[in-house]
Amino acid sequence: MFKALKRLCIWLGIMAEDMTNTDSINQAVVERGIRNSKAQASKASEDNGKLAGNISMSKEQLKKELRQKEELQGLLAYAASKNDEANGANYAEQMANLEDTIKDNQEQYDNLEAMYKQNTQIIAESIRQIQKFQADFNQLKIKTSMSRSMEGLSTMMKSSITELQGMVGGEMSESMEKL
């Protein structure tokens with residue numbers, strides 16, 4: 001009976017040790033995942049800060065160009081009312097160039113906005129991953145702690161059984177000698 005109990009304790013000790021080793025590896029993987037996600041979120045946040053500045057400048061540039069367009073439209077209307085073909089042609093050419101510039105800048109502004117939204121999504125996803133990894137990490141820490149406790153308990157049971165065997169074996173020897 002003692003041998004079976006001792007074998008059970010040895011088996012529990014081996015299992016606890018294996019679980020502890022596996023959990024240590026899992027902890028390292030989770031920690032790496034947390035670090036990578038934090039780095040990704042930080043990089044996206046930095047990029048978003050830069051993009052926000054570029055978006056703001058682009059928006060101001062568009063506003064300025066739209067005001068110029070309004071001024072040119074007023075000048076073009078004035079030239080047309082005075083039948084000033086020379087100035088009218090010049091204003092019309094400036095207007096065409098300005099409209100091309102506005103179109104290009106509007107496309108650039110739209111692209112910056114799209115990149116900003118994409119980075120915002122990356123940041124949100126990274127934060128979700130970080131939270132998931134941290135929850136997994138906390139569970140793994142608890143599991144590892146339990147495995148280590150189990151390993152300690154197994155060691156203590158093995159030594160108790162050995163002591164018990166020694167005591168019972170010693171008493172049997174004494175009893176046999178007395179007979």
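**Salt bridges and surface charge in a two-helix model**

Thank you all; let me start with the surface, where the protein exposes about 12800 Å², of which carbon and sulfur atoms supply 56%, the accessible areas coming from the Shrake-Rupley method with a 1.4 Å probe and, for residues, only the protein chains shown counting as cover. Please keep in mind that this is a predicted model, in which local features need pLDDT of at least 70 and side-chain atom pairs count only at pLDDT 80 or more, while totals for chains, interfaces and linings use all residues. Residues are numbered from 1 along each chain as its sequence is written, and side-chain values use heavy atoms, with hydrogens and water left out.

As for the fold, the protein has two helices and zero strands, where helices (H or I, at least four residues) and strands (E, at least two) are DSSP runs numbered from the N terminus. Helix α1 covers residues 2-81, and helix α2 covers residues 85-178. Of the 179 residues, 21% count as buried; buried here means under 20% relative accessible area, exposed means over 50%, and partly exposed is what lies in between, with a 1.4 Å probe and protein chains only. If we take contacts (heavy atoms within 4.5 Å) between residues at least 6 apart in sequence, 90% of them join residues at least 24 apart.

One residue that illustrates such contacts is Ile102, which is found in helix α2 and is buried, with a relative accessible area of 11%. Leaving aside its neighbours within four places in sequence, Ile102 is in contact with Leu62, Glu65, Leu66 and Lys69. For Leu66 in particular, which is 36 residues from Ile102 along the chain, the two C-alpha atoms are separated by 7.6 Å.

Lys69 brings me to the charged pairs. Side chains of opposite charge can pair when their charged atoms come close. I call a pair a salt bridge when a side-chain nitrogen of Lys or Arg is within 4 Å of a carboxyl oxygen of Asp or Glu, and by this rule the count comes to four. Lys69 forms one of them with Glu99, the closest N and O atoms being 3.6 Å apart. This pair links distant parts of the chain, with Lys69 in helix α1 and Glu99 in helix α2, 30 residues apart. Lys69 is partly exposed at a relative accessible area of 23%, and Glu99 is also partly exposed, at 37%.

Two further bridges each sit within a single helix. In helix α1, Asp47 and Lys43 lie four residues apart, about one turn of the helix, and their side chains meet at 3.0 Å, N to O; Asp47 is partly exposed at 23%, and Lys43 is partly exposed at 47%. In helix α2, Glu125 and Arg128 lie three residues apart, again about one turn, and their closest N and O atoms are 3.0 Å apart; here Glu125 has a relative accessible area of 37%, and Arg128 one of 46%.

Which residues gather in a patch of negative charge on the surface? They are Asp100, Asp104, Glu107 and Asp110, and among them Asp104 is found in helix α2 and counts as partly exposed at 49% relative accessibility. Such a patch is made of residues with over 30% relative accessible area and no salt bridge, like charges being joined within 9 Å and nonpolar side chains (Val, Leu, Ile, Met, Phe, Trp, Tyr) within 5 Å. Lys and Arg count as positive and Asp and Glu as negative, while His and the chain ends are not counted, and the place of a charge is taken as NZ of Lys, CZ of Arg, CG of Asp or CD of Glu.
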